[in-house]
Amino acid sequence: MEWWTYLSFAAVIYVATIVSLRMLYPEKHLDWSIIDETQRTFPESFQWGVATASHQIEGGNSNNWTEFETRSNIEESGDACDHWNRWQEDFQLLEELGVATYRFSLEWSRIEPEKGHWNAEALQQYSDMIDDLCRRGIRPMITLHHFSHPQWFEQREGFLDKDNIGLWVHYCEKVFERYCDRVTDWCTVNEPEVFSIMGYFMKMFPPGKRSLRSTLTVMRNVVQAHGIVYHRLKQHNPVCRIGLAKNVTLFDPLKRWNLLHWTTSAALNFVWNGAIVRALKKGTMFGKKMPLVRGSLDFIGLNYYTHVLTSPFLPQTNEVNFPKRSHETMTDFGYPMYAEGLERAVKMLETLEVPIEITENGTADQHDTLRPIHLQRHVWMVSELLQQGHDIRSYYHWSLMDNFEWAEGYSLRFGLYHVDYQTQVRTLRQSGSIYRDIINEASQD
Ligand code: GCO
């Protein structure tokens with residue numbers, strides 16, 4: 001055969017592959033100008049909530065993050081929202097919004113500041129907080145690990161060393177025994193993929209390393225730790241509902257006719273999403289068997305924010321503007337608003353065959369110009385998905401109030417309430433009152 005025959009064959013195969021990929025994996029975009037986002041319905045049992053995390057709001061912490069903040073070039077968390085002292089006032093805000101449920105995390109470094117030393121006061125304060133939520137008729141959902149842990153744990157290499165898993169499991173059992181009489185819903189870990197990739201590959205979270213090997217090891221160990229904790233806690237109290245919060249970021253090829261872009265998005269999708277979903281389904285991860293992980297869920301938490309358009313030339317940091325489609329709107333974080341993607345995220349997680357709790361969704365938007373529509377579109381998507389029969393039980397907005405956005409510090413504002421960090425005054429944003437109305441209207445349906 002002539003060289004041009006080979007070339008024609010190759011061209012035909014290339015085109016056929018791209019056409020099939022485009023058909024198999026469409027990137028759905030809706031014409032929002034013809035959609036009325038206020039047309040939505042929710043079952044009576046649907047739970048509305050907001051989410052926070054200890055290190056982002058409490059202030060005055062001393063943990064792996066505070067150590068990282070002083071050694072790297074990021075803003076220090078400092079007093080944050082001073083929530084540790086103002087929690088009652090903040091719980092009043094929850095009531096004002098009318099939420100039925102509140103997701104927050106316990107700060108391990110407060111509860112066990114030194115290995116084996118338990119801080120009775122901190123344990124008591126969290127207990128009082130739980131009582132207060134229950135008194136207000138708000139269901140608490142506790143996250144056991146939301147990116148922060150004690151410095152003594154980090155010094156032993158944290159989750160990089162699988163022999164340390166037991167230390168975290170021990171802590172989890174301790175707090176679970178204390179609070180499980182009042183708290184039914186538990187998230188073991190928040191976003192194992194973000195925790196490992198940001199900390200061990202992107203250098204943006206503690207410990208600020210770059211090693212693919214460590215990244216995969218940490219991801220596997222955290223997922224393994226989740227599996228162990230799931231079974232231990234279920235033994236103590238089988239009635240509790242235990243899951244983890246998975247960040248689903250969708251990776252779409254930037255140029256949909258470029259096979260290299262498809263290959264990159266497939267690879268990233270596997271490392272970020274596929275590997276964890278597979279581990280929870282099959283009990284194996286990166287070639288290692290983890291039988292305890294298989295099926296270790298009563299629900300799956302979905303944290304959904306965006307899609308990332310990929311090409312082989314990926315930014316090495318997330319402090320840049322990611323590419324976006326021309327009609328898309330950029331959020332302050334530098335990634336686009338893409339409410340349509342919630343559908344694919346839900347479909348991906350429902351293969352786990354447990355109910356879905358949307359444990360986080362929201363946007364960084366300093367002036368509250370985008371958040372109102374961002375919120376309405378995502379809530380409308382949830383309503384659509386419920387009508388299609390997807391088993392979604394709740395929606396938690398990220399976040400109750402502006403707070404410490406990790407490597408981005410205080411520059412990004414995610415709150416339904418604006419926080420003035422000088423005076424600690426919280427002010428309801430327009431989007432906050434929209435959320436309050438959504439909740440109110442849904443409960444009257
Ligand atoms: C995460 C965390 C939250 C963030 C939120 C906004 O996804 O990184 O769960 O702690 O603050 O997602 O970026």
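Which helix gives the most to the lining of the second largest pocket? That's α11, with five residues. The legends below go through this pocket and then the barrel, all in a predicted model.

**View 1. The second largest pocket, seen through its lining.** This pocket comes in at about 480 Å³ in volume. There are 17 residues around it, and Y25, F251, N269, R344 and M348 are the ones nearest its centre. As for chemistry, the lining splits into 11 nonpolar residues, two polar ones and four charged ones.

**View 2. The elements that build the pocket lining.** Four elements chip in with at least two residues each: α1 (3-24), β5 (241-253), α11 (259-282) and α12 (341-349). Of the lining residues, five come from α11, the top contributor.

**View 3. A closed barrel of eight strands.** Going around, the order is β1-β2-β3-β4-β5-β8-β9-β10, with parallel pairing. From one strand to the next, the twist averages 30 degrees. Note that β5 is a barrel strand and also supplies at least two residues of the pocket lining.

**View 4. Zooming in on β3 and β4.** Strand β3 covers residues 139-145 and strand β4 covers residues 185-190; the two pair in the parallel sense over four bridges. Look for M141, whose bridge partner in β4 is D185.

**View 5. Helix α13 against the sheet.** Residues 371-387 form α13, which packs on the sheet. The strands α13 touches are β1 (47-51), β8 (299-310), β9 (356-360) and β10 (392-398). Compare directions here: α13 makes about 170 degrees with β10.

Technical notes
Residues are numbered from 1 along each chain as its sequence is written. This is a predicted model: local features need pLDDT of at least 70, side-chain atom pairs count only at pLDDT 80 or more; totals for chains, interfaces and linings use all residues. Side-chain values use heavy atoms; hydrogens and water are left out. On a 1 Å grid over the protein atoms alone, a cavity is a set of points where a 1.4 Å probe fits but cannot get out, and a pocket is an open set with protein on both sides within 12 Å along at least five of seven lines; lining residues have an atom within 4 Å of a point. Grid points are joined across faces, edges and corners, and a volume is the space filled by probe spheres set on the points. Ala, Val, Leu, Ile, Met, Phe, Trp, Tyr, Cys and Pro count as nonpolar, Asp, Glu, Lys and Arg as charged, and the others, Gly among them, as polar. Two strands pair if DSSP finds at least two bridges between them. Axes are lines fitted to C-alpha atoms, for helices over the stretch in contact, and angles run from 0 to 180 degrees between N-to-C directions. Contact means heavy atoms within 4.5 Å.
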